[in-house]
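Visitor: Please show me the structure, and let me ask how its labels are earned.

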Amino acid sequence: MLVHAIPTNATYEFAADVRDGLTRRGQKELPSKYFYDDVGSALFEVISRLPEYGLTRADERLLRRHADEIVDRLAGPVAVAELGSGSGRKTRWLLEALGRRQRTFYYPVEISRSALAMCERELSDIDAISILGFEREYLDGLLEVAACRKPGQHLLVLFLGSTIGNFDRPAGVKFLTEIRRILESDDSLLLGTDLDKPRVQLLRAYDDELGVTAAFNLNLLARINRELDANFDLGQFAHAPKINREARSVEMHLRSKCRQTVNIPAAELKVELLEGETIWTESSHKYLAEEIFQIARDAGFRCEEQWIDQQWPFAENLLIAE
Ligand code: AVJ
């Protein structure tokens, strides 16, 4: 696979974002996109196989079961762009269904180079598919994919795994609107959304018995140590998931076990944390199946069809650009 690499001021941006988030008045924050270095991407792969975390399996079940139906609803020919492909494992079913119809270009867009490499290994055996990976932020990558579009070709954008849940609701609509602007009418967007569930089930999914999610969360501090020469003592932080009922989200935090000062030289920063103070690292919003129709309309799409998994409530939504 040809990978279009990023021109790397990446460390500088990471340092700036860390500085920004940790110097906030009030709640300190770190952006969840930085979870996915090599270690974090590998840990997420493990999370997706944990019994408590049914999300990825539900997504894959729906795609496997309904791949032909989904493909039948697309105006062809199409090229496929996937935002945040991860390992690409669940995408196989769609690509195989498309490949039965025509030779198809598949463009995974990923900020994680190791995830892109995994994706290529995973999907390279599908004959009718050509893969071209973009190591890019989502919208930058999508713009480049759109620029490669051939006359008469439609785009199918995949935004699976409920990655949209990392945005709060208004930011999610804004992001979908930005995708819509890059698309033409009758292009489509397949959106995976995790549906709301009982509190205990959500807490277990984000606080598994083996501690893999805790390691995934703490790895963000380990990454800051590795890449920005910081001195976070991981033993002095605890993984702290919380349910935010109002926002209908699961929040992950890292709670400082004591009063401490951390040095982050590459961000020119000294951070003071109180005992019990938290750094907010991620939100995973959960949806009601009905609300997706309005979200789609607000962003300039119509939701043509929705497939729901009964075992682990999750919805695959096919949005068509109006
Ligand atoms: C990949 C963003 C969908 O929010 O559930 C898994 C990441 N965080 N466990 C999610 C994650 C904690 C995941 N997404």
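Guide: What follows is a short round of questions and answers on a predicted model.

Visitor: Which residues come nearest to the ligand?

Guide: Thirteen residues surround the ligand, and Y53, G161, Y206, E282 and S284 come nearest. To count as near, a residue needs a heavy atom within 4 Å.

Visitor: What makes the approach of Y53 to the ligand a polar contact?

Guide: The cut-off for a pair of N or O atoms is 3.5 Å. A side-chain N or O atom of Y53 is 2.6 Å from an oxygen atom of the ligand. That pair therefore counts as a polar contact.

Visitor: How do you know that Y206 and E282 qualify too?

Guide: The test is again 3.5 Å. For Y206, a side-chain N or O atom is 2.5 Å from a ligand oxygen. For E282, a polar side-chain atom is 2.7 Å from a ligand nitrogen. Both pairs pass.

Visitor: How much of the ligand does the protein cover?

Guide: On its own, the ligand has 350 Å² of accessible area, and the protein covers 96% of that.

Visitor: Which elements give two or more residues to the shell?

Guide: They are α9 (212–228) and β12 (278–285).

Visitor: What is the make-up of the shell by class?

Guide: Seven residues are nonpolar, five are polar and one is charged.

Visitor: Why are α6 and α7 called roughly parallel?

Guide: The axes of α6 (residues 138–147) and α7 (residues 169–182) come within 10 Å and cross at roughly 15 degrees. Angles under 35 degrees count as roughly parallel, so α6 is roughly parallel to α7. The crossing of this pair is right-handed.

Visitor: What makes α3 and α4 roughly parallel?

Guide: Helix α3 (residues 55–72) packs on helix α4 (residues 92–101) at about 20 degrees, with the axes 8 Å apart. The limit is 35 degrees, so α3 and α4 earn the label. Here α3 passes α4 in a right-handed crossing.

Visitor: Why is α1 called oblique to α9?

Guide: Helix α1 (residues 10–22) and α9 pack at about 130 degrees, and their axes are 11 Å apart. Roughly perpendicular ends at 115 degrees and roughly antiparallel starts over 145, so α1 is oblique to α9. Their crossing is left-handed.

Visitor: Which peptide bond is cis, and where does it sit?

Guide: The bond from G76 to P77 is cis, with omega near -5 degrees. P77 is in the loop between α3 and β3 (78–83).

Visitor: What makes the phi of D186 worth a mention?

Guide: Phi of D186 is near 75 degrees, a positive value, and the residue is not glycine. Most residues other than glycine have a negative phi, and most peptide bonds are trans. D186 is in the loop between α7 and β7 (188–194).

Methods
Residues are numbered from 1 along each chain as its sequence is written. This is a predicted model: local features need pLDDT of at least 70, side-chain atom pairs count only at pLDDT 80 or more; totals for chains, interfaces and linings use all residues. Side-chain values use heavy atoms; hydrogens and water are left out. A polar contact is a pair of N or O atoms within 3.5 Å; within protein, one must be able to donate a hydrogen and the other to accept it, and residues adjacent in sequence count only if both atoms are side-chain atoms. Accessible areas come from the Shrake-Rupley method with a 1.4 Å probe; for residues, only the protein chains shown count as cover. Helices (H or I, at least four residues) and strands (E, at least two) are DSSP runs, numbered from the N terminus. Ala, Val, Leu, Ile, Met, Phe, Trp, Tyr, Cys and Pro count as nonpolar, Asp, Glu, Lys and Arg as charged, and the others, Gly among them, as polar. Axes are lines fitted to C-alpha atoms, for helices over the stretch in contact, and angles run from 0 to 180 degrees between N-to-C directions. Angles under 35 degrees count as roughly parallel, over 145 as roughly antiparallel, 65 to 115 as roughly perpendicular and the rest as oblique. A crossing is left-handed if the near helix is turned anticlockwise from the far one by less than a right angle, and right-handed if clockwise.
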